[in-house]
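Got the viewer open? Load the model, pick a cartoon view, and keep the selection box handy.

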Amino acid sequence: MTGKRKEKKQDGICRTKRSRWLWILELDCLCLVVALNVLAWKSNVFCDWYAARVLPLWVGSYGRLTGLAPFSVGEWMIVLLLVLLALAIVLILPAILARHRAAGRWIRRFYQFLGCLVLPVCLLMTLNCTILYHCTRLTEKVRDTVREQGIETEEGGLPAGYTARDLLDIYELMVERSNDLALQMSRDADGNVMYEEDMWEQAVEYLHGQAERYPRLKGYYPRTKEIRNSWFLSQQYIAGYYFPFSMESNINSVMYIMNKPFTICHELVHIHGYIYEDEANYLAYVACVESGNPMFEYSAYLGVMGYVYRDLAGYVEQGRISADDIPRMSERVWLDSVFLTEEAWDKVEKQSFLNTESVEKATDVAMDASLKWNGVANGIDSYSDVVLLLLEYYAQ
């Protein structure tokens, strides 16, 4: 009896020590998360320094580690989260009613485990996402130039140094080049574009080619991974996403091939600290257009033409330009600009038990809220800010 009591006492002491160290680690993690968030919200200088000096080390270590997996680690993290949340809900009643001491102890440990995960998750989110949302924006640099020149911003979004005609010229260039490039693509018997090269390797090469102008684009890039459950991404009309908790770039595997080169570049740009959607659109566009690769160039035009056209349509309503002035893309380009082919959509709808329209609306609301939470005032509309960067690009 005495020996057993001593063993129990020693075991209790060990558990107390482990609990004490765990609480210390949790407290340290909490202090670090709070400190980093305060710095991020208060200092653009700190965030710019972090993105330029610290993030590359983090990408080259943690990003390299998760990149070794042949599957999307982020996707499986989401699956694990859903399983844990489901268990947490299911165990609520047994936790309340549990009378068996051992069963109650295991349930409490499960909830303690969930609690211990919260702060490490917050830390990863802070390091790989939140800080990056407070770096100096490329669009802000453009606006600083405009302000230094004493230029006011016109109603309608264009700086007074630019006109609707400037935007129309860009759109004409995109349409003309797309009409030509569509004829250069290799196609199957159904007219769908085919491409056999490794898009990720080429995307990394083209992004490295922009590193002289944008130094944060140099360095290591983890391999882009296709999402296994892309049917759900398709219902959200998402071509790809950067998952901060695994530091991975992911793309929709069932979307039409012409979306892939531009999307791969876009998501890889996020990994190197350009977290704003307009910046990722712009840098991916520049890398693709200047690549000398017709497939990537064509994909870039298709990726941003919608934003430019949307602004032009607004200027037509304002009477600044005529609808007849807007050039028309060829039928082939129109067909290549789809998100999913009809055949792919049929498969998506058969696999899903959710309504696509409802999923899309819910996703838009969630993305808009997330962006605004991170300080992006115009939320999901920030994607279209790429137009300002394109105007500056073509004015150089």
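What follows is a walk through this predicted model, one selection at a time.

**Whole chain**

Start with everything showing. The protein has 396 residues, and 44% of them count as buried. Colour by secondary structure and you should find 16 helices and 3 strands. Switch on the surface: about 22000 Å² is accessible, with 59% of that belonging to carbon and sulfur atoms. If you like contact maps, take the contacts between residues at least 6 apart in sequence; 75% of these join residues at least 24 apart.

**A nonpolar patch**

Now select F71, W76, V79, V83 and L87. Together they make a nonpolar patch on the surface, with about 440 Å² of accessible area between them. Zoom in on L87, which sits in helix α3, residues 73–90. Is L87 buried or exposed? Neither quite fits: L87 has a relative accessible area of 38%, so it counts as partly exposed.

**Two crossing helices**

Hide the patch and select residues 260–271 and 294–317, which are helices α10 and α12. Two packed helices are described by the angle between their axes and the distance between the axes. At what angle do the axes of α10 and α12 cross? The answer is roughly 80°, and the axes come within 7 Å. Angles from 65 to 115 degrees count as roughly perpendicular, so that is the label for α10 against α12. To see who makes the contact, show side chains for K260, P261, F262 and C265 on α10, then M295, F296, S299, A300, G303 and V304 on α12.

**Salt bridges**

Next come the charged pairs. Side chains of opposite charge can pair when their charged atoms come close. The count for this model is 10 salt bridges, and three of the pairs make good stops.

*Stop one: within a helix.* Select R165 and D169. They form a salt bridge, with the closest N and O atoms 3.0 Å apart. Both residues belong to helix α7, residues 164–182, and they are 4 residues apart, about one turn of the helix. R165 is partly exposed, since its relative accessibility is 39%, and D169 is partly exposed too, at 35%. Add E172 to the selection: R165, D169 and E172 are linked in a network of salt bridges.

*Stop two: loop to loop.* Move on to R223 and D198, whose side chains meet in a salt bridge at 3.1 Å, N to O. This pair ties together distant parts of the chain, 25 residues apart: R223 is in the loop between α8 (199–208) and β1 (225–227), while D198 is in the loop between α7 and α8. R223 has 35% relative accessibility and counts as partly exposed. D198 is partly exposed as well, at 28%.

*Stop three: a longer reach along the sequence.* Finally, select R213 and E290. How many ångströms separate the closest N and O atoms of the salt bridge between R213 and E290? They are 2.6 Å apart. Here the partners are 77 residues apart, with R213 in the loop between α8 and β1 and E290 in the loop between α11 (277–289) and α12. R213 is partly exposed at 40% relative accessibility, and E290 is partly exposed at 38%.

For a last view, show α12 again: its M295 and F296 are among the residues in contact with α10, and the loop between α11 and α12 holds E290.

Terms used: Residues are numbered from 1 along each chain as its sequence is written. This is a predicted model: local features need pLDDT of at least 70, side-chain atom pairs count only at pLDDT 80 or more; totals for chains, interfaces and linings use all residues. Side-chain values use heavy atoms; hydrogens and water are left out. Patches are made of residues with over 30% relative accessible area and no salt bridge: like charges are joined within 9 Å, nonpolar side chains (Val, Leu, Ile, Met, Phe, Trp, Tyr) within 5 Å. Accessible areas come from the Shrake-Rupley method with a 1.4 Å probe; for residues, only the protein chains shown count as cover. A salt bridge is a side-chain nitrogen of Lys or Arg within 4 Å of a carboxyl oxygen of Asp or Glu. Buried means under 20% relative accessible area, exposed over 50%, partly exposed in between (1.4 Å probe, protein chains only). Axes are lines fitted to C-alpha atoms, for helices over the stretch in contact, and angles run from 0 to 180 degrees between N-to-C directions. Angles under 35 degrees count as roughly parallel, over 145 as roughly antiparallel, 65 to 115 as roughly perpendicular and the rest as oblique. Contact means heavy atoms within 4.5 Å.
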